[in-house]
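Hi,

Here is the structure we talked about. Please have it open while you read the notes below.

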Amino acid sequence: MDTRYLQSFIHVAELGSIAEAARRLDLTPAAVAQRVRLLEQEMGMSLIRRSGRTVAPTEAGARILERGRQVLRDIRDLRDDLSDGHDLAGQLRVGGTPTMMLAVLPELVSRFLAQHPKVDIYLEPGTSTTLFRKVVDGDLDAALLIQPLYELPKSCGWYTMREEPLVLLAPSAMQVDDVHATLEREPFLRYDRATVGGQLAEAYLRQHGIRTRQRCEMDGLDAIAALVERGIGVSLVPAWVAASNTRLAIRRWPLPRRSARRVVGMTWTRTSARTRLVHCFLELVKAWRKKDKNSID
């Protein structure tokens with residue numbers, strides 16, 4: 001069996017789209033569809049079913065999906081076990097939230113590859129929940145994400161990179177004399193309550209009896225910041241690390257009362273065959289933390 005066919009099938013089944021799988025694999029949709037057809041011919045059964053532009057695994061496809069993931073992981077681990085014992089080589093699979101992808105990972109990856117040019121890095125963006133599940137399942141070796149509000153399993157390691165207090169986000173030209181009054185007076189852009197940061201913001205508002213004039217609720221801190229700059233409203237968000245090329249006319253105001261902090265860090269699976277790679281990457285994360293001031297403008 002050609003593992004490329006299996007890889008293409010798994011991407012299609014997980015993403016529910018041949019076009020999206022093609023983008024992830026840097027192939028044409030026709031090439032991905034052909035790989036899936038060849039795998040179906042080899043297996044002697046249909047593995048996906050189409051409904052409009054979306055696809056889903058058939059019953060047979062669902063049965064081989066998890067075993068297929070394990071086969072690819074085993075092959076990847078075998079290659080790493082056979083690599084030179086002195087020079088780091090193989091593939092390191094790292095996930096990151098959108099913020100980490102823009103503001104932190106470019107620097108870390110650049111430094112890592114400069115030190116270990118034989119290593120191939122696979123980067124996967126996603127939400128903290130999705131990335132954490134993939135680390136636990138072994139699909140990713142490590143991820144930079146928001147620490148869950150529940151206890152991590154013992155199979156996963158954790159290193160805290162930042163602790164982010166809540167701040168009022170307002171246009172630079174807006175003078176804020178009373179943060180709580182501003183939150184009640186101005187149109188409010190609510191950070192999605194499905195996120196950890198959104199839940200912390202909601203808890204603060206409730207704790208202090210602040211009634212907002214909500215204009216919208218959304219995920220994506222950079223998107224919220226862009227709307228704030230345009231004067232669409234103000235927001236209550238964690239003091240996230242922004243990309244170095246972000247220059248928005250906004251200001252972060254500290255809260256008058258103590259708030260819970262959003263914790264950002266790196267998690268990894270302790271059972272990974274690429275432990276050496278993970279720990280080398282972790283050393284760079286630790287170095288990044290030392291120079292991160294986590295300041296509030």
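Strand 1 and strand 2 make a hairpin, with two residues between them. Gly52 sits in the turn and has a positive phi of about 70°. The two strands, residues 48–51 and residues 54–57, run antiparallel and are joined by four bridges. One pairing to look up is Ile48, whose bridge partner in strand 2 is Pro57. Bear in mind throughout that this is a predicted model.

Next, the sheet. Five strands form an open sheet with mixed pairing. Their order is 4-3-5-12-6. In general, strands of a sheet pair through backbone hydrogen bonds, either parallel or antiparallel. Which strands stand at the edges? They are strand 4 (119–125) and strand 6 (156–164). Each has a single partner strand, so one side of each is left without a neighbour in the sheet. On average, neighbouring strands here are turned by 15° against each other, direction ignored.

Strand 6 is worth a look of its own. Its partner is strand 12 (residues 262–269); the two run antiparallel, with eight bridges between them. Trp158 has Thr267 in strand 12 as its bridge partner. Thr160 also belongs to strand 6. The side chains of Thr160 and Trp158 are joined by a polar contact of 2.9 Å. What else does Thr160 touch, leaving aside its neighbours within four places in sequence? It is in contact with Val263, Val264, Gly265 and Arg289.

Now the helices. Helix 6 (residues 105–115) lies across three strands: strand 3 (90–96), strand 4 and strand 5 (142–146). Helix 6 runs at about 170° to strand 4.

Helix 2 (residues 18–25) packs with helix 3 (residues 29–43). The angle is about 105°, and the axes are 8 Å apart. That makes helix 2 roughly perpendicular to helix 3, because angles of 65 to 115 degrees count as such. From helix 2, the residues involved are Ile18, Ala19, Ala21, Ala22 and Leu25. They meet Pro29, Val32 and Ala33 in helix 3. How many residues of each class make up this contact? Eight are nonpolar, none are polar and none are charged.

To find your way back quickly:

- Hairpin: strands 1 and 2, with Gly52 in the turn.
- Sheet edges: strands 4 and 6.
- Side-chain polar contact: Thr160 with Trp158.
- Helix pair: helix 2 and helix 3, at about 105°.

Best wishes

Conventions. Residues are numbered from 1 along each chain as its sequence is written. This is a predicted model: local features need pLDDT of at least 70, side-chain atom pairs count only at pLDDT 80 or more; totals for chains, interfaces and linings use all residues. Side-chain values use heavy atoms; hydrogens and water are left out. Two strands pair if DSSP finds at least two bridges between them. Axes are lines fitted to C-alpha atoms, for helices over the stretch in contact, and angles run from 0 to 180 degrees between N-to-C directions. Contact means heavy atoms within 4.5 Å. Angles under 35 degrees count as roughly parallel, over 145 as roughly antiparallel, 65 to 115 as roughly perpendicular and the rest as oblique. Ala, Val, Leu, Ile, Met, Phe, Trp, Tyr, Cys and Pro count as nonpolar, Asp, Glu, Lys and Arg as charged, and the others, Gly among them, as polar. A polar contact is a pair of N or O atoms within 3.5 Å; within protein, one must be able to donate a hydrogen and the other to accept it, and residues adjacent in sequence count only if both atoms are side-chain atoms.
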